[in-house]
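Colleague: I am new to this structure and would love a close look at a single part. Could you walk me through one helix and the aromatic rings around it?

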Amino acid sequence: MASIKEQAAISRLLSFLQEWDNASRALRIQILTTFIETNEGKTGPELELEFSQGASLFLIRVTTWLRIIYMTGLELEKILRAIGIFLSAVSSNRYLIEFLEIGGVLTLLEILGLEKIKEEDKKESIKLLQIIANSGRKYKELICESYGVRAIAEFLAKSKSEETQEEVQVLLDSLVHGNPKYQNQVYKGLIALLPCGSPKAQQLALQTLKTAQSIVGATHPSIVECVLAVLSTVHLEVQYEARRWQSCPEVHSKLAPWFPKAMGAKNSSTASDMGRHLGSGCMCTQALDLVCSL
């Protein structure tokens, strides 16, 4: 039989959950703000102690609310940060599983593609995907099976924040490591980013490609056009990363026979054609073929 102290703790938990269930949007944001301030950095056991062994009941409520309102683009940052406290807590694998069972990965990926959602909220979504990917191979596979590579790569190309783009790079780097089933998919997604209209995205994609190339090994000649495009860019930081990647033994030995022919075709293009190709923000035909095969 529960002691008086345990009964009091359970009563407080039930009262807290009832307050959440009956709260307005504004009050829920206040509750989440307080939760974040008082629980950041806590371990799984510490969260259970805080919630009288019922922390999962609160996580489920917060995740459910996210799934209900995320398409409105309102008040997402606090929700995502609160979920992050659960997912990042030491000894908290049960919270991760519970979040995924409710459809958490699909929700996070869908957030990346919605225009009405703020960049900062999308950044928080990327951070949660990082936590999930870093939890092990099966979780990386789940992200990839959920068409995650396409969603993440497209967001990297469209993002206007360099800080957010760097967080995306960290995620893509995690997905290409320890993920043999889908490492080629990530590799192709990185190649497909090369002709995009964002110099920062091109630079980060090339940096990650250098690592991905050593993992994947094989190099497909269809990437020649994309490489030539970034080598012709006016952005020196992109040119630098392209030449670093091109000089990798795995790349140079495979692509050297293809460059003379491709370069000749490239030189025959007019300057205006080149400008339209590099400035359009669209992926080249071969890159699109790669993405469509993801």
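Modeller: Happily; here is a walk along helix α2 and then through the aromatic pairs.

This is a predicted model, in which local features need pLDDT of at least 70 and side-chain atom pairs count only at pLDDT 80 or more, while totals for chains, interfaces and linings use all residues. Residues are numbered from 1 along each chain as its sequence is written, and side-chain values use heavy atoms, with hydrogens and water left out.

Let us start with α2, which covers residues 25-39; helices here are DSSP runs of H or I with at least four residues, numbered from the N terminus. With its 15 residues, α2 reaches 21 Å from first C-alpha to last, close to the 21 Å expected at 1.5 Å a residue (the expected span is 1.5 Å times one less than the number of residues). R28, I29, I31, L32, F35, I36 and N39 are buried in α2, where buried means under 20% relative accessible area, exposed over 50% and partly exposed in between, with a 1.4 Å probe and protein chains only. Seen down the helix axis, these buried residues of α2 fall within an arc of 160 degrees, so they line one face; the arc is that of the directions from the axis to the C-beta atoms. A26, Q30 and E37 are exposed on the other side of α2. The buried residues of α2 pack against α1, α3, α4 and α5. Just after α2, G41 takes a positive phi of about 85 degrees.

Now for the rings. The whole structure holds ten aromatic pairs: rings of Phe, Tyr and Trp (its six-membered ring) pair if their centres lie within 6.5 Å, with planes under 30 degrees apart counted as stacked, over 60 as edge-to-face and the rest as tilted. F16 and F58 have ring centres 5.1 Å apart and planes at 65 degrees, so their pair is edge-to-face. That pair links distant parts of the chain, with F16 in α1 and F58 in α4, 42 residues apart. F16 is partly exposed at 22% relative accessibility, whereas F58 is buried at 0%.

Back on α2, F35 pairs with F51: the centres are 5.9 Å apart and the planes at 55 degrees, so this pair is tilted. F51 lies in the loop between α3 and α4, so the pair ties together parts 16 residues apart in sequence. Both F35 and F51 are buried. Ring pairs link F16, W20, F35, F51, F58, W65, F86 and Y95 into a cluster.

Methods: Helix = DSSP H or I, 4+ residues; strand = E, 2+ residues; numbered from the N terminus. Contact = heavy atoms within 4.5 Å.
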